[in-house]
Amino acid sequence: MGRTIFRVGWPRTDKDRAAAMISSLVLHIHPAKVQRHSLRASYTLGLGLTSAYLFGVLIVTGVVLMLYYTPHPLDAYRNMKDLQFVVTFGPVLRNMHRWAAHAMVVVVFLHMCRVFFTGAYKEPRQFNWVLGVGLLLLTLGLSFTGYLLPWDQLAFWAITVGSNIAGYAPGLGAEIKYLLLGGNVIESGALLRFYVLHCVILPLLAAMLIAMHVYRVRKDGLSAPPAAEPPPIEEMAPGRFPPSTRSYGLMALADRPAQPVVESEPDDEVLTWPHLLYREVLVLLAVLIALHAAALLFNAPLEEIADPTRTPNPAKAPWYFLGLQELVSYSALIGGVLVPTLLVLALVLVPYLDPVPRGVGVWFAPERSRANRIFAALASAAVALTLVGMFFRGPNWAWVWPWTP
Amino acid sequence: MNDPTRRRFLFSTGVTSVVLSACGFLGATARYLSPNVLYEPPHRFPIGSPEEFPPGTATFLPEHRLFLFNNPAGFYAISSVCTHLGCNVRHIVGEGFACPCHGSRFDENGQVVHGPAPEPLAWFGLSLSPRRELVVNTRQPVQPEYRFRV
């Protein structure tokens, strides 16, 4: 009977291990064989995989949290209190959801930095970088919409500030804010909209983009190989498929009778089972252990119930938007709209502004030092502004030193 | 039968109508997202009889997010919603208003002194209801010279 479910069974030979990969719906996201360089943890740091795992954890914990949550101002905060004090394991699940969400923002950002510093967005991966930028924005959007749901002071004022920033968008700002809130004030309509965005619309979009992102990773090879490795395609003999990076190479070659598979098989490929699969399970375990530890040690914050009449001083946006809030404190239009829009536009255009396929597949390639320096400067500026907003801003958004009481 | 011009015409007509109806559907859905009825607090509301606000006082009405002033020239109401990003400003007697979120400062008339706020605080028109209650209308903007005499 087991064979009706798992056609290959527990694989004991290399042939079965390859067959197990190809015959399983879940596992055939992998090729049967992978290049050794894409297993190097020091190259990818496992960041893309980690963010996918975090997304999975967020879906699971999010769905069970929904069972105890009503998106209405009269109930939402009480539900949070129930989750915190009444529901069995409620605090652990809520904490895990919260910390996984924060971790995902960090890991997705680091993943983007890794891809940039290794030049991995170059041909043929240009559009996958663009999909990645979309996923970064969706991650922020998911985090931001989730921020309102507890309906506490932290939530209410962070969303007040955030939605008013949207109102500064030139031309359609007022309409965007009206659509986002489903009205003019943050009330039951806004809470319901944020809830639907957070639980349905944005996760669906993210899942679709993740599927496309992973599919392209799979088609283009698991990670960009060091540049010197693959021979240029035009130098290949006609009728021969480029042998190296592409995961479908094995099967595509088998279709071509002129070339036996073994001849164009690169030497440095290893079987996905166990070499890649076991590493992936290891990363999953590490992610779960870290999240459990965080969830058991640190409680997700829950302040007093949302009070539209009393603004806490200072009222801070979620930490990943504190850089934005710092910019906004100079000018709402320039800091809140123009700079972020230009930044996102620049990110989307990165692979097309920098098309020369040099220095791909190695960290900080000397050929790319100028691009790397520009990116590092912008990324550090974003981190620095966020840190200023987090630790150096006190009441009335005045400058404070974090060590003065 | 095999007239390519006719075939192309029919094909492009079909494609165009599909695209147009898709646009219509998307447009209708976009319009659907914008609510027509809002169950929000009313923009005209009574705040109490004039005697509740003695001369020379500044009263913060948190549930309406406004300050009501009564000075010798009459009553006037100033919004407590910062024009920068919507936080509630605080009133500091003799100095004006301060926003806790991004440090915008306003003078006693709600005019921007410094900070990121792009506009002065809103002033609202006042009236007296038949039951002799002061009524604020947040959709009736007035100038800072405005004073309401009972």
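So, B:Glu95 and B:Arg105: these two form a salt bridge, with their closest N and O atoms 2.9 Å apart. By salt bridge I mean a side-chain nitrogen of Lys or Arg within 4 Å of a carboxyl oxygen of Asp or Glu. The pair links distant parts of the chain, with B:Glu95 in the loop between S5 and S6 of chain B and B:Arg105 in strand S7 of chain B, 10 residues apart. When I say strand or helix, those are DSSP runs numbered from the N terminus, at least two residues (E) for a strand and at least four (H or I) for a helix. B:Glu95 is partly exposed at a relative accessible area of 49%, and B:Arg105 is partly exposed too, at 27%. The cut-offs there: buried is under 20% relative accessible area, exposed is over 50%, partly exposed is in between, with a 1.4 Å probe and protein chains only.

Before I go on, the housekeeping. This is a predicted model, so local features need pLDDT of at least 70 and side-chain atom pairs count only at pLDDT 80 or more, while totals for chains, interfaces and linings use all residues. Residues are numbered from 1 along each chain as its sequence is written, chains are lettered from A and ligands numbered from 1 in the order in which they are written, and side-chain values use heavy atoms, leaving out hydrogens and water.

Okay, staying with B:Arg105. What is the bridge partner of B:Ala98 in S7(B)? It's B:Arg105. Strand S6 (residues 96-98) and strand S7 (residues 105-106) of chain B pair in the antiparallel sense, over 2 bridges. Pairing here needs at least two bridges found by DSSP between the two strands. Zoom out a little and you get an open sheet of 4 strands in chain B, order S5-S6-S7-S8, paired antiparallel. Strand S5 (90-92) and strand S8 (112-114) of chain B are at the edges with a single partner strand each, so one side of each has no neighbour in the sheet.

Still in chain B, have a look at B:Arg132. Its phi is near 60°, which is positive in a residue other than glycine. You'll find B:Arg132 in the loop between strand S9 (123-128) and strand S10 (134-141) of chain B. B:Arg132 counts as partly exposed, at 39% relative accessibility. As for the domains, the assignment, which is an automatic or database one, splits chain B into domain 1 (1-39) and domain 2 (44-141). The C-alpha centres of those two domains of chain B are 50 Å apart.

Now over to chain A. Chain A has 15 helices and 2 strands, and 45% of its 405 residues count as buried. Contact, for me, is heavy atoms within 4.5 Å. Among contacts in chain A between residues at least 6 apart in sequence, 76% join residues at least 24 apart.

Chain A has some backbone oddities as well. The peptide bond from A:Glu123 to A:Pro124 is cis, omega near 5°, and A:Pro124 sits in the loop between helix H6 (90-117) and helix H7 (126-148) of chain A. Another cis peptide bond joins A:Trp273 and A:Pro274, with omega about 10°; A:Pro274 is in helix H12 (residues 272-297) of chain A. Then there's A:Phe364, not a glycine, yet with a positive phi of about 50°. A:Phe364 is in the loop between helix H14 (332-353) and helix H15 (369-391) of chain A.

Back to salt bridges, this time in chain A. A:Lys122 forms one with A:Asp354, closest N and O atoms 3.1 Å apart. That pair links distant parts of the chain, 232 residues apart: A:Lys122 is in the loop between H6 and H7 of chain A, and A:Asp354 in the loop between H14 and H15 of chain A. Buried or exposed, what is A:Lys122? A:Lys122 is buried, at 4%, whereas A:Asp354 counts as partly exposed, at 21%. A:Lys122, A:Asp354 and A:Arg368 are linked in a network of salt bridges.

Last stop, the interface. Here 28 residues of chain A are in contact with 24 residues of chain B. The buried area between chain A and chain B, meaning the accessible area (1.4 Å probe) that the two parts lose on being put together, summed over both, is about 2,000 Å², with 55% from carbon and sulfur atoms. And how many salt bridges are there between chain A and chain B? The count is 0, while the structure holds 9 over all chains.
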